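Student: Please take one part of this model and look at it closely. Then set it in the context of the rest of the chain.

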Amino acid sequence: MIFNFGNCVLIALERLKFNMLIVQKYHSIHEIDPEFISNLEVLLQEDVPNFNLMIQKHDNAPDSDVFTFFLFFAPTQNTPIGFAQICLRKIPTAKLIPWYRKLMFWKKDHEHWKEVIWRVGDGNSGLFVIDPRYARTGKEKFVELIKEYDLRAEVKAQHFYCLKGLQDFKSTWPSDPIWSRDTFVLEPLNKSFRSYQEYIENLSPDMKFLVKENWKELHVLGKIELGDYPTPSDTPKTLPIPEEQLKLWEAQGAQILTFEKDLKILGCLCVLTGKNGNIFFEPFPFEPEGSSLVHDELYTQYALLKFFEMPGARKCHFMKDGSKFVFEDKGDLKFFQEQGFQLKIISQSFYSRLPKLTRPV
């Protein structure tokens, strides 16, 4: 038997090379190559309709926040297969150091203390997103990033946003988290019926009755009309949305749905089409709370009516302030779950090296 040790080593090295991921760092979201944006939108397709929303959040962040973005690349291709980000947030130290320390004007290290926030966007995607084919090597590479920041002297606290059941990452510091909590994120409704009418007929008897009665009250008793505008510039001038926001929606290819009565717009929905059939709806009610003619259920149902009419639409997402709906009490999702929406859980954990810093900044 002839054993070719050299060839075995070469094969092993080639396999190792194939499995190794390369990480590229960017210290501003504006540094990311435009040619990568489309791939990043595919990676983030379940959470944002377009990358412009990520850019807006970056640009509107407080001055105390500094970001780093990580793009993961496989050795055989020049398009990103993974995405992560961190926020380095300045820690206010006025209440964290004793009075006598403040007298030591020559000791300035506390002015550079930072909290690292590990999350993508608002945290609703968890710590990072990766092509499932690279899940194992992506996890290994992400652990290396955590270790890198664990060793930095200025890092005094860390805040992790993990997808419960899928991401079990934590700090390598020799201590347990001093604070943790779960939040509940509204997940999409899948298009599992051929039409809106078929969807309605498959709701629970109570919800079906409520929805039908609300539509009846809207049209018959309220004399409220539904508006459907292909672009924001097509909407009536009475739409109470700032011109700057309308221009942003226009640039993103938004459609606008409205509830109208006697030339007055009672509320609207912004509709953004994402990648691979992901459709995002954000409601904007304009009526006084407690005396509205358009019930909350009808914003959801008008979105679904539009969703089932859209060719190629696969998943219906709901948003608030450009992000997915997030709830601290699971019971608050019942309203949406009864209409067919799903949920996921984000587990947050906080680590601190400072005895007096017991909660995220």
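**A glycine in a loop, and what surrounds the picture**

Tutor: Leaving aside residues up to four places away in sequence, G322 touches L53, K57 and E282. This is a predicted model. G322 sits in the loop between β13 (315–320) and β14. Its relative accessibility is 13%, so G322 counts as buried, the cut-off being under 20%. Now take a distant reference point. A135 is 187 residues from G322 in sequence, and the two C-alpha atoms are 28 Å apart in space.

Move along the chain to the aromatic residues. F325 lies in the loop between β14 (323–324) and β15 (326–327). We return to that phenylalanine after the wider aromatic count.

The structure holds 29 aromatic pairs. One of them joins F128 and F169. Their ring centres are 5.7 Å apart, with 80° between the planes, an edge-to-face arrangement. The pair links distant parts of the chain. F128 belongs to strand β5 (residues 128–130), while F169 is in the loop between β6 (155–163) and β7 (179–187). The separation in sequence is 41 residues. Are these two rings buried or exposed? F128 has a relative accessibility of 8%, so F128 counts as buried. F169, at 9%, is buried too.

Next comes the pair beside our loop. F325 and F336 are also edge-to-face, at 5.5 Å centre to centre and 75° between the planes. F336 is in helix α10 (residues 334–337), and F325 is in the β14–β15 loop, so their pair ties together parts 11 residues apart in sequence. Both F325 and F336 are buried.

F128 and F169 also belong to a wider group. One aromatic cluster is formed by F72, W118, F128, F142, Y149, F160, F169 and Y351. F169 has a charged partner as well. The charged end of K139 sits over the F169 ring, 5.7 Å from its centre. A second lysine does likewise elsewhere: K191 lies over the face of F307, 5.0 Å from the ring centre.

For another buried site, turn to I256. I256 is placed in strand β10 (residues 255–261). Its relative accessibility is 0%, so I256 counts as buried. What does I256 touch, beyond residues up to four places away in sequence? The contacts are G227, D228, Y229, P232, T235, W249, C268, L269 and C270. T231 is 25 residues from I256 along the chain, with 6.5 Å between their C-alpha atoms.

Now the whole protein. There are 10 helices and 16 strands. The C-alpha trace spans about 75 × 75 × 40 Å along its principal axes. Buried residues make up 48% of the 361 residues; G322, F325 and I256 are among them. Of the contacts with a separation of 6 or more, 71% are between residues 24 or more positions apart.

Last, surface and charge. The accessible surface comes to about 19,600 Å², and 55% of that belongs to carbon and sulfur atoms. Positive side chains number 45 and negative ones 48. The centres of the two sets lie 7 Å apart.

Note on methods: Residues are numbered from 1 along each chain as its sequence is written. This is a predicted model: local features need pLDDT of at least 70, side-chain atom pairs count only at pLDDT 80 or more; totals for chains, interfaces and linings use all residues. Side-chain values use heavy atoms; hydrogens and water are left out. Helices (H or I, at least four residues) and strands (E, at least two) are DSSP runs, numbered from the N terminus. Buried means under 20% relative accessible area, exposed over 50%, partly exposed in between (1.4 Å probe, protein chains only). Contact means heavy atoms within 4.5 Å. Accessible areas come from the Shrake-Rupley method with a 1.4 Å probe; for residues, only the protein chains shown count as cover. Lys and Arg count as positive and Asp and Glu as negative; His and the chain ends are not counted. The place of a charge is taken as NZ of Lys, CZ of Arg, CG of Asp or CD of Glu. Rings of Phe, Tyr and Trp (its six-membered ring) pair if their centres lie within 6.5 Å; planes under 30 degrees apart count as stacked, over 60 as edge-to-face and the rest as tilted. A charge sits over a ring if NZ of Lys or CZ of Arg is within 6 Å of the ring centre and within 35 degrees of the ring normal.
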